Amino acid sequence: MRLRRALPVVVVLPTLLAMAACSGEQADSAEKKPKVSAKSTPGSAGADAEAAAEAERIGALAPQALEKATLSGTKNGFEAKKVTEANVEAGRDMKADRAECQPLASLAGGFTHIPAVGVEHRALEPTEAKSATVGSMWLVSHSEQNAKRVLAELRTSLKECPSGFKTLGLTYKSVQPVKAPDLGDESVGYRITNVVGKQNATMTYTLVRKGGVVAVFYGVNMLTPKNSAIPEAVVRAQIEQLG
């Protein structure tokens, strides 16, 4: 039987928010929404041109180049699929109840806490029936300085937020660093558990920086949480595609 009951974070997030609302938990104020990246109105020629100009100014990978550099199709046992804009945008409101946990909260929503000039999301589905790990990935284009900050400030959050945080009526707990593949210029890995009502879902995040691009991989395995990381072969294929 094919095990695909758990959906990628950018797909399942609207459902989690609805569940939290039904449970009576209060979402954060709209006034606390994180700043939107330059590519905030997809399909708008003006926004795309502005993002491309900003990318050139800071020496970042332009949105169009970022899209070409992002995995699509089947690779190493997983199929990478485009994610609908509605599901992607659902994660922009992830504001942590503790400022020191914001890098973790932003990643939980499918973005980095530092606004980027471009973001490309993909859902990752296993192509083998025996695989119980599903997830998603996204590439984020920054200046190299900001990309370094993303990982440095994430490492600080991992030290300061081991007990987790709350955001948009959702609870995240048990934050634990884990070994990440030795790829790119630097990498970070961690495991975190999401709690909605009486349901727990343990997820593994892998971040790899190459220059100004941060590649983020999210995986969940409801049968064996410790095996929830997206396989290194998939991560390696993406980093190699960046060139």
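**Entry 1: Tyr190 and Tyr205.** I looked up the burial of two tyrosines in this predicted model and found that Tyr190 and Tyr205 are both buried.

**Entry 2: aromatic pairs.** I then searched the whole structure for aromatic pairs, and the search returned three. One of them joins Phe165 and Tyr172; this pair is stacked, with 5.1 Å from centre to centre and 15° between the planes. I checked the accessibility of each partner: Phe165 is buried at a relative accessible area of 3%, and Tyr172 is buried, with a relative accessibility of 3%.

I turned next to the rings of Tyr190 and Tyr205, whose centres are 4.9 Å apart and whose planes meet at 5°, so I recorded this pair as stacked. Tyr190 belongs to strand 7 (residues 186-196) and Tyr205 to strand 8 (residues 199-210), so the pair ties together parts that lie 15 residues apart in sequence. I also noted that ring pairs link Tyr190, Tyr205 and Tyr218 into a cluster.

**Entry 3: confidence.** I looked up the pLDDT of the protein, which averages 84, with 81% of the residues scoring at least 70. Among the elements, helix 6 (residues 144-160) has the highest mean pLDDT, 98, and helix 1 (residues 9-22) the lowest, 48.

I examined two stretches of low confidence. Over residues 1-8 the pLDDT stays under 50, and the model gives them 26 contacts beyond four places in sequence. Residues 17-41 also have a pLDDT below 50, with 42 contacts in the model beyond near neighbours in sequence. I do not read such regions closely, because predicted coordinates should not be read in detail where pLDDT is low.

How values were computed: Residues are numbered from 1 along each chain as its sequence is written. This is a predicted model: local features need pLDDT of at least 70, side-chain atom pairs count only at pLDDT 80 or more; totals for chains, interfaces and linings use all residues. Side-chain values use heavy atoms; hydrogens and water are left out. pLDDT is the predictor's confidence in each residue, from 0 to 100. Helices (H or I, at least four residues) and strands (E, at least two) are DSSP runs, numbered from the N terminus. Contact means heavy atoms within 4.5 Å. Rings of Phe, Tyr and Trp (its six-membered ring) pair if their centres lie within 6.5 Å; planes under 30 degrees apart count as stacked, over 60 as edge-to-face and the rest as tilted. Buried means under 20% relative accessible area, exposed over 50%, partly exposed in between (1.4 Å probe, protein chains only).
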